[in-house]
Amino acid sequence: MHLNHLFPHFFRQKLYSFERMAIDLTPKKAEALFEGDGGGYYTWTTSQVPLLATENLGAGRLLLQPRGFALPHYADSSKLGYVIQGSDGVAGMVLPNSKEEVVVKLEKGDVIAVPVGAVSWWFNDGDTDLIIVFLGETSKALIPGKFTYFFLTGAIGVIGGFSTDLTSKVYGLDKDEVQKLTRSQTGVLIIKLDKTQPVPKPQLHNTKKLVYNIDGAEPENAVEKAGLVKTLTEKDFGFIEDVGLSLIRVKLEPNAIKAPSYPVSPMVELIYIARGSGKIEIVDFNGKSVLDTQVEAGDLLVVPQFFVVAEIAGEEGLESYSIVTTTKPLFEELAGKTSIWSIFSSTLQQVALNVDSDFQKLFISKIKESTNLIPPST
């Protein structure tokens, strides 16, 4: 049967775009954009992951060495930052339409929202590397699929791009003072501060308001020897509403499985593998496997809207963090006692699956005994 008879025009157009191109969902690792004494910034490009541009998503990874400092900047996209490693991170931010600089403390497991246009800086006040992965949406970005940063100072700072005459008049400075203002900081993106150079201290009240530790939060679904799922939305963390995204943490124990599920509303999922290794399988609208591959820490992949995903942990377990492009994510499960199959009547199950009543009873009994998080078989 032709697709015209199965799907309305608006959805058909999306399907045709997928059919015209070979969908590459292969997990990719970030490439270095900048590396220096204070750390590095790594990004996933649209040439690596074409679906980033197609689905208006972006991702980057910030690594700050001890005393590493990311110069003040703003970006053209909203994003969520998740702290993969580190215990003494410091971030400063001036939110749009705000007259206050907020300074927060960051540690492993923390999530921080960075709205579009917010000016921020990042610092590692610890003795080990601080690593933060940023996942966001780029629907209003200069370049779809890419975070573009505008630095206020440094070798590529916007303050140094204007004429000396204009800068002199704007700030009331003479020529030598303008030179000192615009040329003293020669660093690019990330610098390393001397131990004698102070930075603003974190504010406890703002940290509690603007930072959420998802690793320490109570999951909505947890199964012994299988794992857990925690979905972070505006209900738990009001600040996340400012970026229009939600974050999902999936932690699987060794050899456990997260059964297939799919979103029930239009949203795209961007998955980052933070720890461990395993396998991810994805099935498309034709009932065809479009991904069945091994994944490991550092991998990033895009799941197109409505595609069905399953995760299988390896010997060391698997931990992933993903954003979805909605503040109210809803998923339907294909296995377990809360799955769609447990809702259908026995008659409908027999007709849809073309099986007899004996098999239908066996099937539904197995479903009612299980969950969507499945421990390894003994």
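Q: Why are Lys 169 and Asp 165 separated by about one helical turn?
A: Because the two residues sit four apart in helix α3. Helices here are DSSP runs of H or I with at least four residues, while strands are runs of E with at least two, and both are numbered from the N terminus. A word on the source: this is a predicted model, where local features need pLDDT of at least 70 and side-chain atom pairs count only at pLDDT 80 or more, while totals for chains, interfaces and linings use all residues. Residues are numbered from 1 along each chain as its sequence is written, and side-chain values use heavy atoms, with hydrogens and water left out.

Q: What makes the contact of Lys 169 with Asp 165 a salt bridge?
A: The closest N and O atoms of this pair are 3.4 Å apart. A salt bridge needs a side-chain nitrogen of Lys or Arg within 4 Å of a carboxyl oxygen of Asp or Glu, so the pair qualifies. In general, side chains of opposite charge can pair when their charged atoms come close.

Q: Why is Lys 169 called exposed, and why is Asp 165 called partly exposed?
A: Buried means under 20% relative accessible area, exposed means over 50%, and partly exposed lies in between (1.4 Å probe, protein chains only). Lys 169 has 66% relative accessibility, so it counts as exposed. Asp 165 has 47%, so it is partly exposed.

Q: How do you know that Arg 67 and Asp 125 meet in a salt bridge, and which parts of the chain does the pair link?
A: Their N to O distance is 3.5 Å, so the 4 Å limit is met. The pair links distant parts of the chain, with Arg 67 in the loop between β3 and β4 and Asp 125 in the loop between β9 and β10, 58 residues apart. Arg 67 counts as buried because its relative accessibility is 15%, whereas Asp 125, at 37%, counts as partly exposed.

Q: What makes Glu 281 and Lys 279 another such pair?
A: The side chains meet at 3.2 Å, N to O, so this contact also falls within 4 Å. Glu 281 is partly exposed at 30%, and Lys 279 at 24% is partly exposed as well. Elsewhere, salt bridges that share partners join Lys 108, Asp 215, Arg 249, Arg 275 and Glu 319 into one network. The structure holds 14 salt bridges.

Q: What makes Leu 181 eligible for the nonpolar patch on the surface?
A: Patches take residues with over 30% relative accessible area and no salt bridge, joining nonpolar side chains (Val, Leu, Ile, Met, Phe, Trp, Tyr) within 5 Å and like charges within 9 Å. Leu 181 has 37%, so it passes the accessibility limit. This residue lies in helix α4. Its partners are Phe 162, Leu 166, Val 170 and Tyr 171, and together the patch has about 500 Å² of accessible area, computed by the Shrake-Rupley method with a 1.4 Å probe and only the protein chains shown as cover. Helix α3 gives the most, with three residues.

Q: How do you know that β2 and β3 pair?
A: Two strands pair if DSSP finds at least two bridges between them. Strands β2 and β3 have five bridges in the antiparallel sense, so they pair. Tyr 41 stands opposite Leu 62 in β3.

Q: Why are β1 and β13 called edge strands?
A: The open sheet of seven strands runs β1-β2-β3-β10-β5-β8-β13, with antiparallel pairing. Both β1 and β13 pair on one side only.
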